[in-house]
Amino acid sequence: PPVQSLKTLDAETSYFGGSSVFDSPFTVTVSVFVFSSVERIFKDEASEEKGERARLASFVGAIAIADLVKTTLGPKGMDKILQSTGRGHAVTVTNDGATILKSLHIDNAAAKVLVELDISKVQDDEVGDGTTSVVVLAGELLREAEKLVASKIHPMTIISGYRMAAECARDALLHKVVDNKADSEKFKSDLMKIAMTTLSSKILSQDKEHFAQLAVDAVMRLKGSTNLEAIQIIKKPGGSLIDSFLDEGFILDKKIGLGQPKRIENANILVANTAMDTDKVKIYGARVRVDSMAKVAEIEGAEKDKMREKVQKIIGHGINCFVNRQLIYNFPEELFADAGILAIEHADFDGIERLALVTGGEIASTFDNPESVKLGHCKLIEEIMIGEDKLIHFSGVELGQACTIVLRGASHHVLDEAERSLHDALCVLSQTVNDSRVLLGGGWPEMIMAKEVDELARKTPGKKSHAIEAFSRALSAIPTIIADNAGLDSAELIAKLRAEHQKEGCTSGIDVISGTVGDMAERGISEAFKVKQAVLLSATEAAEMILRVDEIITCAPRKREDRM
């Protein structure tokens, strides 16, 4: 072909590493072929983004998620209202990072990495707290990485620098940890401080001493176990939050039926999931034709005999309390009452699972072999009242560490948020009992890490030093955000804080209550080392994962095929 007509393809040719258009027409033809073959790989509706565009889309999505939750960070963080579009338009008011992120429906792939795949969910499951911090730190790391990529520093160089910085930051924390496990009084004081710090940013902050004491007492009963199933939380509207209390044993949110014993000592409990309504002919579409009412009475009599036989089998287990997941109809309930057995119906599945756990029993569904059924045991079952509601209290249960926290509050929204807050505190404390290393809070760990990482940047030659420096800036962003959320002058405070941290043995952090730089050891603001370590490592890994992306391929939607 004439050379003049091919000038327009110059850009494509040079992109594929071919020689100039004017050297060889053949080169141009090859490059055109490569372009068309790449396009033909995907279906019509599939799309791909490459290089800079893909990286930019990843950065924008992840940073947007971080910006969404960062206003909830710290003791003065703001709340979000989450409204579902489903039937009833349920509303949730919360500042819990995990709850906010779980409720988001996200289209951006990188944002999904932060929310779904890994980071905030793992943080919530592993240590219970720090979900907001981990997303905000990952967002700040990516914000800094975006500037470095724009300065023509390769993503792999940035990742390498971030890894060095993360290791250095973790070592800096390890040198500053305090472990008081040997001294039980000091350790309990540490747990109280951690609980109060965790609750400071929640709805329970006004009564944080009371709830910190509840959480510490509940966790100390677990004796080192991290199984929070033994701690039940019951929410009862009415009263105020300060009326909440811790009760030993297990409380089931059910009433005792009419004509049944209200108090049972040395109870043998059978926990079951079985149908206790009248056994009907359960064949779909079955009809029974009879020629007289006497025959109908015979069928009803047969049904009653079958149910009586089932009840006798259950009574044959030597029990004096029967708890069922499903309904218990009047006839079997009457038989149980005649036998002096307390029958509790319709206990929700979560309730019977936990009841079986704490009483040492197992959930049964067949009753032909009593020897193979494991019964639960407790010293006393009685009916109690909380507010205006009657509940059933199991005390002296087999699992000695079991307890129930009863939350009182003005409304369901307040109680739901109080439960989320208390769950975070319980998770952090149960992890701290196992890993008892403690750090100060209030932005102190971030400043310690930032200082050490800065020194590493000065010693590191080459482009990696820019990435390490950027990591230090990202760490400093956490106390900056805490100050901003409290309506303080963050630039002034962070400058003062940085100057304080040049002194040896500094314990200064941001005191958002007084609005100044304060001594965190004096204020009793402490955090668990395990939480801080998880925040640091998870955020670095998530930022690294997103930085590695250089192409986003969106698959074509599957089309429903019409069957002939």
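Which element gives the most to the lining of the largest cavity? In this predicted model, the answer is α19, with 3 residues. A good place to begin, then, is this enclosed space, before turning to the pockets and to one pair of helices.

The count comes to 1 cavity of 30 Å³ or more, and the space inside the largest cavity is about 50 Å³. Its lining is made up of Ser133, Leu137, Glu446, Met449, Leu475, Ile478, Lys532, Val535 and Leu536. Two or more of these residues come from each of α7, α15 (444-459), α16 and α19. Sorted by class, the lining of this cavity has 6 nonpolar residues, 2 charged residues and 1 polar residue.

The largest pocket holds about 880 Å³ of space. It is lined by 43 residues, and Gly74, Pro75, Thr197, Ser200 and Ser201 are the closest to its centre. Several elements supply at least two lining residues each: the helices α7 (131-150), α9 (184-200), α14 (412-434), α16 (464-485) and α19 (529-547), together with the strands β15 (508-511) and β17 (526-528). Among the elements, α9 gives the most to this lining, with 5 residues. The classes are mixed here, with 18 polar, 14 nonpolar and 11 charged residues. As for where the largest pocket sits, it lies between domain 1 (48-179 + 441-487 + 527-553) and domain 2 (182-240 + 406-435), because both domains give residues to its lining.

Next comes the second largest pocket, with about 490 Å³ of space. Of its 23 lining residues, those closest to the centre are Gln232, Ile233, Asp350, Arg354 and Glu419. At least two lining residues each are supplied by α4 (97-102), β5 (231-237), α13 (349-359) and α14. The lining of the second largest pocket divides into 12 charged, 7 nonpolar and 4 polar residues. Helix α14 can thus be found in the lining of the largest pocket and in that of the second largest pocket.

Helix α7 has appeared in the linings of the largest pocket and the largest cavity, and it also packs with another helix, α3 (residues 51-69). The angle between α3 and α7 is about 145°, and their axes are 8 Å apart. The crossing of α3 and α7 is left-handed. On the α3 side, the contact is made by Glu52, Arg55, Leu56, Phe59, Ala62, Ile63, Ile65, Ala66, Asp67 and Val69. On the α7 side, Thr132, Val135, Val136, Gly139, Leu142, Arg143, Ala145, Glu146 and Val149 take part. By class, the contact of α3 with α7 has 12 nonpolar, 5 charged and 2 polar residues.

Definitions and conventions. Residues are numbered from 1 along each chain as its sequence is written. This is a predicted model: local features need pLDDT of at least 70, side-chain atom pairs count only at pLDDT 80 or more; totals for chains, interfaces and linings use all residues. Side-chain values use heavy atoms; hydrogens and water are left out. On a 1 Å grid over the protein atoms alone, a cavity is a set of points where a 1.4 Å probe fits but cannot get out, and a pocket is an open set with protein on both sides within 12 Å along at least five of seven lines; lining residues have an atom within 4 Å of a point. Grid points are joined across faces, edges and corners, and a volume is the space filled by probe spheres set on the points. Helices (H or I, at least four residues) and strands (E, at least two) are DSSP runs, numbered from the N terminus. Ala, Val, Leu, Ile, Met, Phe, Trp, Tyr, Cys and Pro count as nonpolar, Asp, Glu, Lys and Arg as charged, and the others, Gly among them, as polar. Domain bounds come from an automatic or database domain assignment. Axes are lines fitted to C-alpha atoms, for helices over the stretch in contact, and angles run from 0 to 180 degrees between N-to-C directions. A crossing is left-handed if the near helix is turned anticlockwise from the far one by less than a right angle, and right-handed if clockwise. Contact means heavy atoms within 4.5 Å.
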